Amino acid sequence: MLDPTDSTAEAQPLKGEEGAIGPGPPPPPQGKKEGCWNGLGFSQLSNWRTAGFFLSLFLCLTVVFAFSFIIPCPVRPLYLHTWNRTFPQAATYNFLAVADANKDKVMDVLFVLKASEGSLNTTCVNESLPTPCVFVSAVAGTDADTLWERPLAPEFHWAQCGLEGLGDEGGGCLLSHSDQLTAVDKHSGAIVWQQQQPPNLNSKLPVLSVPDLDGDGVSDVVLIGPGLAQQTRLAILSGKTGAQIGSEVVLDPASETFRHLLHTTAKGSHYILLQKDSGLYGQALWKIAAQAKAGSESSLKRDQAWEKKTSTDSGHVLLYSSDSMQHVVRIAKGSGTSNLLLVTAGSVELIDGDSLQSLWSVNASRVLSEPSFGHFNKDGVLDVVIEKDIGNSTKQVMILDGNTGRVLWEVNLLFRPDTPKPASVNTINSFSVFVFWGKLPSGNNSSRLTSRDRHSYMLHPHFSSVLLEKSSIIDNIIAFKATLLERGRHACYIMLTGPQGEGAEGTVMLTKRKLKDDVPDSRVHRLGDHRDGETDQEIKDAFTRLRFSKDT
């Protein structure tokens, strides 16, 4: 039989001496204290560990609770893939802009109408304006609800959005109408400032945004237009108040300016480029500012290399000599600098924006519209899209390599005079999707287009022998824009349609349609005799999988 004392000792091995059955552990030697594993030391350490565990658990639960219930997760705005707004008895103009007007991180649409009454029951009569008057409006990119509208005195001349310094957060719009210039806040439609047009300057061209010249911390604007006796005159206006800074400047008393743009050299010096009937000229902004108001040029940089190219007689730099120049477009090349793409009656040429040396030139006559840009290949350089009129109501759409000018892709399309120019939307895969308007010639070689015969085409650079064709029944397209309404998503096109010709009265329609929504109903059109490779559904799936980006 087992000894009862053995059983008790095994069942209670850690029981202390008091009340214990059996000899128990020996007492500690004389003169030595108990270690931390005996007495209060071990007990206190265990309590601290337990408290630390529960405190950590409490903090973790608090954080989870806060993020789950107290701090709301960001909610993406819901949007309609397709919407349209109809405005009866109205007229519209070739102007479309996108901006986040209601601060929901989705771009909204700004446009101009001429009508007697707005969509928010605002009338010209109530605003003491002639009827019909000009309405600049913003509608939500999500569902086309009118966010704000601002009636202005007629007639409408031009509008320009994205100008720094206009409005509470900048990026407002400036409109030229009647004999006035009106700056409008993009978020509320409120008038930031309103000024009379300079008396000796008839502005027909949008303004240039220039660095702050009057020291109020807001970028200023330059207004250029013909004056008396066909002089090209310039006025500098404060971006904050619209007041004129100094006096007007006569740029060239001999000829009129048709187009202008602001160019920055590698040294950070600003030049205003003027397209005239004899070529392209540049005048230093610091010289213009000094003529308008002495001392206003103090903050502007000078480029000695460009100063040496300046003519002592005329005070300008001759950038390009041509009596048939049609378009001048800047192409960004990084670090705030850009090259210049020039379109003349016989060529398309890219010149270095600093040395003014030709980088490449392509023979191209009868170019129909201002070039557009996109990424056809993945070299990181913008490629150039041009349209040439080759006769018989047919145009040739060409994509030129941005590095060399060689032809990367081309196609012939039938077209009408009011056909929008090509557009593109960038993807996260370093290439762009291109959009064209027209009609692929049919087998019977018919070159006649009816008023209701309209097609749009999408080009995926990875499937360059295929076009995705969407048939549309649309009357007259007044303005067209392909864009991205959200970062990384919501690629769409926006159209203003209405009676033939800008300013003609009738029914105006503003439409937004998501690009990918056209894919299922589109026809896969194979160019030439190409029949191999992916199936139609595989090509459509490639378009559907695309993800878009604002980055160029």
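# Disulfides, cores and sheets in a predicted model

Q: Is the disulfide of Cys 124 and Cys 133 left-handed or right-handed?
A: In this predicted model, the sulfur atoms of Cys 124 and Cys 133 are 2.0 Å apart and form a disulfide. The torsion about their S-S bond is about -85°. The disulfide of Cys 124 and Cys 133 is therefore left-handed.

Q: Are Cys 124 and Cys 133 buried or exposed?
A: A residue counts as buried under 20% relative accessible area and as exposed over 50%. Cys 124 and Cys 133 both fall in one class: buried.

Q: What is the handedness of the link between Cys 161 and Cys 173?
A: Cys 161 and Cys 173 are joined by a disulfide, with an S to S distance of 2.0 Å. The angle about this S-S bond is 105°. The link of Cys 161 and Cys 173 is right-handed.

Q: How many residues apart in sequence are the parts that Cys 161 and Cys 173 tie together?
A: Cys 161 belongs to strand S5, residues 156-163. Cys 173 belongs to strand S6, residues 172-177. The pair therefore ties together parts whose separation in sequence is 12 residues.

Q: Which class of exposure does Cys 161 fall into?
A: Its disulfide partner, Cys 173, has a relative accessible area of 3% and is buried. For Cys 161 the relative accessible area is 27%. Values between 20% and 50% make a residue partly exposed, and Cys 161 is accordingly classed as partly exposed.

Q: What pattern do the disulfides of the protein chain follow?
A: The count of disulfides comes to 2. One joins Cys 124 to Cys 133, and another joins Cys 161 to Cys 173. With bonded cysteines counted along the chain, the pattern is 1-2, 3-4.

Q: Is Cys 492 buried or exposed?
A: Cys 60 has 49% relative accessibility and counts as partly exposed. Cys 492 has a relative accessibility of 0%. Cys 492 is therefore buried.

Q: Which helix gives the most residues to the largest nonpolar core?
A: The largest nonpolar core has 34 residues, and Leu 234, Ile 272 and Leu 280 have the most contacts inside it. The leading helix contributes 5 residues and spans residues 285-292. That element is helix H3.

Q: How many residues make up the second, separate core?
A: The second core is separate from the largest one and includes Phe 431, Leu 468, Tyr 493 and Val 524. Its residue count is 25.

Q: Which leucines does Ile 272 touch, leaving out residues up to four places away in sequence?
A: Ile 272 is among the residues with the most contacts inside the largest core. Its partners include Val 222, Ile 224, Tyr 281 and Ile 288. The leucines it touches are Leu 208, Leu 234, Leu 261, Leu 262 and Leu 285.

Q: How many of the 6 residues of strand S11 are buried?
A: Strand S11 runs over residues 232-237. On one side, Thr 232, Leu 234 and Ile 236 are buried, and on the other, Arg 233, Ala 235 and Leu 237 are buried. The number of buried residues in S11 is 6.

Q: Which residue of S11 does Val 222 stand opposite?
A: Strand S10 (residues 220-226) pairs with S11 in the antiparallel sense over 6 bridges. Within S11, the residue opposite Val 222 is Ile 236.

Q: In S12, what is the bridge partner of Thr 232?
A: S11 also pairs with strand S12 (residues 249-252), in the antiparallel sense and over 3 bridges. The partner of Thr 232 in S12 is Asp 252.

Q: Which strands stand at the edges of the open sheet of 5 strands?
A: The order in this sheet is S25-S26-S27-S28-S32, with antiparallel pairing. Each edge strand has a single partner strand, so one side of it is left without a neighbour in the sheet. The edge strands are S25 and S32.

Q: In S26, what is the bridge partner of Asn 426?
A: S25 and strand S26 (residues 432-438) pair in the antiparallel sense over 4 bridges. The partner of Asn 426 in S26 is Ser 432.

Q: At what angle to S32 does helix H5 run?
A: Helix H5 covers residues 536-544 and lies across S26, S27, S28 and S32. The sheet itself has a twist that averages 30° from one strand to the next. The direction of H5 relative to S32 is about 110°.

Q: What percentage of the residues of the protein chain count as buried?
A: The protein chain has 5 helices and 32 strands. Of its 552 residues, the buried share is 50%.

How values were computed:
Residues numbered from 1 in each chain as written. Predicted model: local features only at pLDDT ≥ 70, side-chain atom pairs only at ≥ 80, totals over all residues. Heavy atoms only, no water. Core = buried A, V, L, I, M, F, W, Y, C linked by side-chain atoms within 4.5 Å. Buried < 20%, exposed > 50% of the residue type's maximum accessible area, 1.4 Å probe, protein only. Helix = DSSP H or I, 4+ residues; strand = E, 2+ residues; numbered from the N terminus. Contact = heavy atoms within 4.5 Å. Pairing = 2+ DSSP bridges. Axes fitted to C-alpha atoms, helices over the stretch in contact; angles between N-to-C directions. Disulfide = S-S within 2.5 Å.
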